[in-house]
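Work through the exercises below with the model open. Try each task before reading its solution.

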Amino acid sequence: MPASSTRASLLRRIRNPADAASWFEFCAVYEPLLRRYATSLGVPPADAPDVVQEILIRLLRNLDGFEYDPERARFRTWLQRVARNRIIDWMRVLSRRCEACCDPSILQELQVSADEFDWEAEHRRQIVMHVLEMVRLECRSRTWACFELHFLQRLAVTEIARRTGLTISGVYINAYRTLKRVRHLCAQFDEDIEHGPQV
């Protein structure tokens, strides 16, 4: 994904029905998070893809009503609210169809599950994982190796230099240049990783 693909521009671009590439990009970022959220709230794994598709359709329909303004409302908060409401609707329909699910406490249990799911942490994890994959695909293999071995695997710089054939200063330059790129892209998704990536 190019540097210009910030979340704000992505949200603008997916409003265009003809822009299939932007919709695909949006789904690549958010679909795994929504699937984990749905299953954590009690949606069976077999039904989760359908529920997530319904959430994404509802998001697309309601996107015109959302204006990206990081000072007023965070996209992740709005995304969670839309997802939660759609899952509650799905549970209500299920409870009407299935006598075994007619117990009204099912929605109360859903509320408890929703409170236990750490949306902020999961959102952050999803964005970091997505960004790491983007950067890995952009980088030369040796550049990525310096970053991965130093920041993700915590290997000693001397060992990384031995493995890659670079000097110690070369390892540091590659690792920190890549970290800067990761931080920049995470910031575009409203995730601050000042203390390094944590997956």
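Accessible areas come from the Shrake-Rupley method with a 1.4 Å probe, and for residues only the protein chains shown count as cover. The model is predicted: local features need pLDDT of at least 70, side-chain atom pairs count only at pLDDT 80 or more, and totals for chains, interfaces and linings use all residues. Residues are numbered from 1 along each chain as its sequence is written, and side-chain values use heavy atoms, with hydrogens and water left out.

**Exercise 1.** Describe the overall make-up of the protein.

Solution. Start with the helices and strands, which are DSSP runs numbered from the N terminus (helices: H or I, at least four residues; strands: E, at least two). The protein has nine helices and zero strands. Next, take the surface. About 11,200 Å² is exposed, and carbon and sulfur atoms supply 51% of that. Then take burial (buried: under 20% relative accessible area, exposed: over 50%, partly exposed: in between; 1.4 Å probe, protein chains only). Of the 199 residues, 43% are buried.

**Exercise 2.** Find the largest nonpolar core and one of its centres of contact.

Solution. A nonpolar core is a set of buried Ala, Val, Leu, Ile, Met, Phe, Trp, Tyr and Cys residues joined through side-chain atoms within 4.5 Å. The largest one has 53 residues. Leu 34 is among those with the most contacts inside it. Helices H1, H2 and H3 are among those that each supply at least two residues of this core. Now look around Leu 34. Beyond its neighbours within four places in sequence, its contacts (heavy atoms within 4.5 Å) include Val 52, Leu 79 and Trp 119.

**Exercise 3.** Work out how helix H7 meets helix H9.

Solution. Locate H7 at residues 141–152 and H9 at residues 168–188. Fit axes to C-alpha atoms over the stretch in contact, and take angles from 0 to 180 degrees between N-to-C directions. The angle is about 85°, and the axes are 8 Å apart. H7 is therefore roughly perpendicular to H9 (under 35 degrees is roughly parallel, over 145 roughly antiparallel, 65 to 115 roughly perpendicular, the rest oblique). Trp 144 and Phe 147 of H7 take part in the contact, as do Tyr 172 and Leu 179 of H9, among others.

**Exercise 4.** Is His 150 buried or exposed?

Solution. Place His 150 first: it lies in helix H7. Its relative accessibility is 14%, so His 150 counts as buried. Its partners more than four places away in sequence include Leu 155, Ile 160 and Tyr 176. Finally, widen the view. The buried residues of H7 pack against H6, H8 and H9.
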